[in-house]
Amino acid sequence: MSKLPPVLQNLSLPVIGSPLFIISNPQLVIAQCQAGIVGAMPALNARPAAQLDDWLAEITETLAAYDQAHPDKPSAPFAINQIVHKSNDRLDHDMQVCAKYKVPIIITSLGAREDVNQAVHAWGGIVLHDIINNKFAHKAIDKGADGLIAVATGAGGHAGVKSPFALIQEIRQWFDGPLALSGSIATGDAVLAAQAMGADFAYIGSAFIATQEARASDAYKQAIVDGDSDDIVYSNLFTGVHGNYLAPSIRAAGLDPQHLPESDPSQMNFGGDSAKAWKDIWGCGQGIGAISAVGTVAAYVEQLQREYQAARQRLAL
Ligand SMILES: Cc1cc2nc3c(=O)[nH]c(=O)nc-3n(C[C@H](O)[C@H](O)[C@H](O)COP(=O)(O)O)c2cc1C
């Protein structure tokens, strides 16, 4: 494990609640931070763009009040995700709003940019960049990112195809900074496994969709409770980049999950209309077999803590 920057120390559990397009909102982020884990949200979830200012005000003010009331157990820091792809026409605006609130952690996806990293450092924040292979990991650190999120096979959203073992061991040969592992992690046992492998944090997404605070429909949450890895389909049809999706939502859209056409990557679009095209196609990772009910974020994080401690004891750590 690496020496962590102060902002990433003192979590109640080594977990980052990952950003979820459309689904993450201030309620989810606040609940994650109050449970002692990093909460995260894509800037693009605030629509129209002007709403980002309101949301960051809500998050920072609510967490500050919480910290005053709970000085012995303050909240964890929050993160905002920026899609650094050229089709994101809001990036400059959203970065300015993040600068106003001195967002402690910025998570960058789909491209690494030196100017973005410098801007975050100028206000005292850190940048974690998500990558799906060792080549992109090198690029991100060369361009000034402080830490990495290794997105392995089986992750929700734009998952990679690499085994988590391969990714982490390759990155740890040259990088000793903050490293999170993403992909199908949904139990405290798996959080400990990520650490044993050499990661500092587990990066958990799909499991948080099935929480009361998440902005997902009841049917989506129930599909996660009911589903397992057999229900997950890997396709590039919906955004131009390969990702994992729930088969029942693909069937509901009138498509055959087993015979999806290939998409044209040049059509990749994270601009104004990107939420609309496949609004009812549900992104999801393979780890959902571990999720058996919809509950609160606090209850889920407590469960992760119990499982994590039990796993440590089992291994006599
Ligand atoms: C519905 C959904 C939406 C996502 N949206 C984003 C996003 O906007 N930005 C991003 O960086 N990652 C996004 N991801 C990826 C997650 O941040 C994370 O890498 C992934 O969920 C981890 O794997 P897991 O779902 O198996 O836990 C999304 C994942 C899902 C399931």
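Here are a few exercises on this predicted model, each with a worked solution.

Ground rules before you start: residues count from 1 along each chain as its sequence is written, and side-chain values use heavy atoms, with hydrogens and water left out. Local features need pLDDT of at least 70 and side-chain atom pairs count only at pLDDT 80 or more, while totals for chains, interfaces and linings use all residues.

**Exercise 1. Work out how the eight-stranded open sheet is put together.**

Step 1: get the elements. Helices (H or I, at least four residues) and strands (E, at least two) are DSSP runs, numbered from the N terminus. That gives 11 helices and 10 strands in the protein.

Step 2: pair the strands. Two strands pair if DSSP finds at least two bridges between them. The order comes out as β1-β8-β7-β6-β5-β4-β3-β2, with parallel pairing. The edges are β1 (15-17) and β2 (39-42), each paired on one side only.

Step 3: add the twist, which averages 25° from one strand to the next.

Step 4: zoom in on one pair. β7 (residues 179-182) and β8 (residues 201-204) run parallel and share three bridges. Leu-181 sits opposite Ala-202 in β8.

**Exercise 2. Find what helix α2 packs against, and at what angle to β3.**

Step 1: look for contacts, meaning heavy atoms within 4.5 Å. Helix α2 (residues 51-69) packs on the sheet and touches β2 and β3 (78-83).

Step 2: fit axes as lines to C-alpha atoms, for helices over the stretch in contact, and take angles from 0 to 180 degrees between N-to-C directions. The direction of α2 makes about 160° with that of β3.

**Exercise 3. Is His-93 buried, exposed or partly exposed, and what does it touch?**

Step 1: place His-93, which belongs to helix α3 (residues 91-100).

Step 2: classify it. Buried means under 20% relative accessible area, exposed over 50%, partly exposed in between (1.4 Å probe, protein chains only). His-93 has 32%, so it is partly exposed.

Step 3: list its neighbours. Leaving out residues up to four places away in sequence, His-93 touches Ala-49 and Ala-50.

**Exercise 4. How compact is the protein for its 317 residues?**

Step 1: take the radius of gyration over C-alpha atoms, and the globule rule as 2.2 Å times the number of residues to the power 0.38.

Step 2: compare. The protein gives 18 Å, close to the rule's 20 Å, so it is as compact as a globular protein of that length.

Step 3: add the overall span. Along its principal axes, the C-alpha trace covers about 50 × 50 × 40 Å.

Step 4: check burial, where 54% of the 317 residues count as buried.
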